[in-house]
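Okay, everyone, thanks for squeezing in. I'll put the structure up and then talk through what's in it.

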Amino acid sequence: MKISIFKTVAFVALSVTALSCSNNDIMADAQSQPNSETSKEVSKTKTYKVRFGLISLDGTKTLSGNHDVGSFLAENTVTGEVYDTYYSGGFQTLPGYYEGIPAGSYTFSAMQGQGGWTGYGSVTGTVSDAQVDADGYVTVYIPVTWAE
């Protein structure tokens, strides 16, 4: 009889202890101990600030003004990862910016804005230390292919 009471009390104590530990406590503990390999990999990846401008139909480069651009895009040609400056208003003021693009080869383009008055082409280029200008940006000019 004493053994069955002891087993019951031990089981209840163990159950109470297990139930008192919430999932949030478990997740917080797991998140507070980062994987050292992941941390090392992230710290090795250098990122760059990209500044977007446009090349008009007559070949003029511009980094100013309001334009019918819904988003500037940078698609990594190796991984396929896309970086997007999405703006919900449909018109963006130049220059457009994206901070945090890793080094690599990209296809840069722009999407039409709300008005649909301008079409854009794309350019392929490399993001690296060699392309950083005096302002600290990799500046990319997207060609306008048609405009109404």
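So, contacts along the chain: if you take those in the protein with a separation of 6 or more, 62% are between residues 24 or more positions apart. Keep in mind that this is a predicted model.

What's it built from? We've got three helices and eleven strands. Going along the sequence, the pattern reads α-α-α-β-β-β-β-β-β-β-β-β-β-β, so to speak in one breath: helices, then strands.

Now to one sheet I'd like you to look at. It's an open sheet of four strands, in the order β5-β4-β8-β10, and the pairing is antiparallel. Why do β5 and β10 each have one side without a neighbour in the sheet? Because β5, residues 82–84, and β10, residues 122–127, stand at the edges, and each has a single partner strand. On average, neighbouring strands here are turned by 25° against each other, ignoring direction.

And as a general reminder, strands of a sheet pair through backbone hydrogen bonds, either parallel or antiparallel.

Let's zoom in on β4 and β8. β4 covers residues 69–76 and β8 covers residues 104–112, and the two pair in the antiparallel sense over seven bridges. If you want a spot to click on, try alanine 74: across from it, in β8, is phenylalanine 108.

Last bit, the surface. Of the 148 residues in the protein, 26% are buried. The accessible surface comes to about 9,700 Å², and carbon and sulfur atoms account for 56% of that surface.

Okay, that's my tour. Over to you.

Technical notes
Residues are numbered from 1 along each chain as its sequence is written. This is a predicted model: local features need pLDDT of at least 70, side-chain atom pairs count only at pLDDT 80 or more; totals for chains, interfaces and linings use all residues. Side-chain values use heavy atoms; hydrogens and water are left out. Two strands pair if DSSP finds at least two bridges between them. Axes are lines fitted to C-alpha atoms, for helices over the stretch in contact, and angles run from 0 to 180 degrees between N-to-C directions. Buried means under 20% relative accessible area, exposed over 50%, partly exposed in between (1.4 Å probe, protein chains only). Contact means heavy atoms within 4.5 Å. Accessible areas come from the Shrake-Rupley method with a 1.4 Å probe; for residues, only the protein chains shown count as cover.
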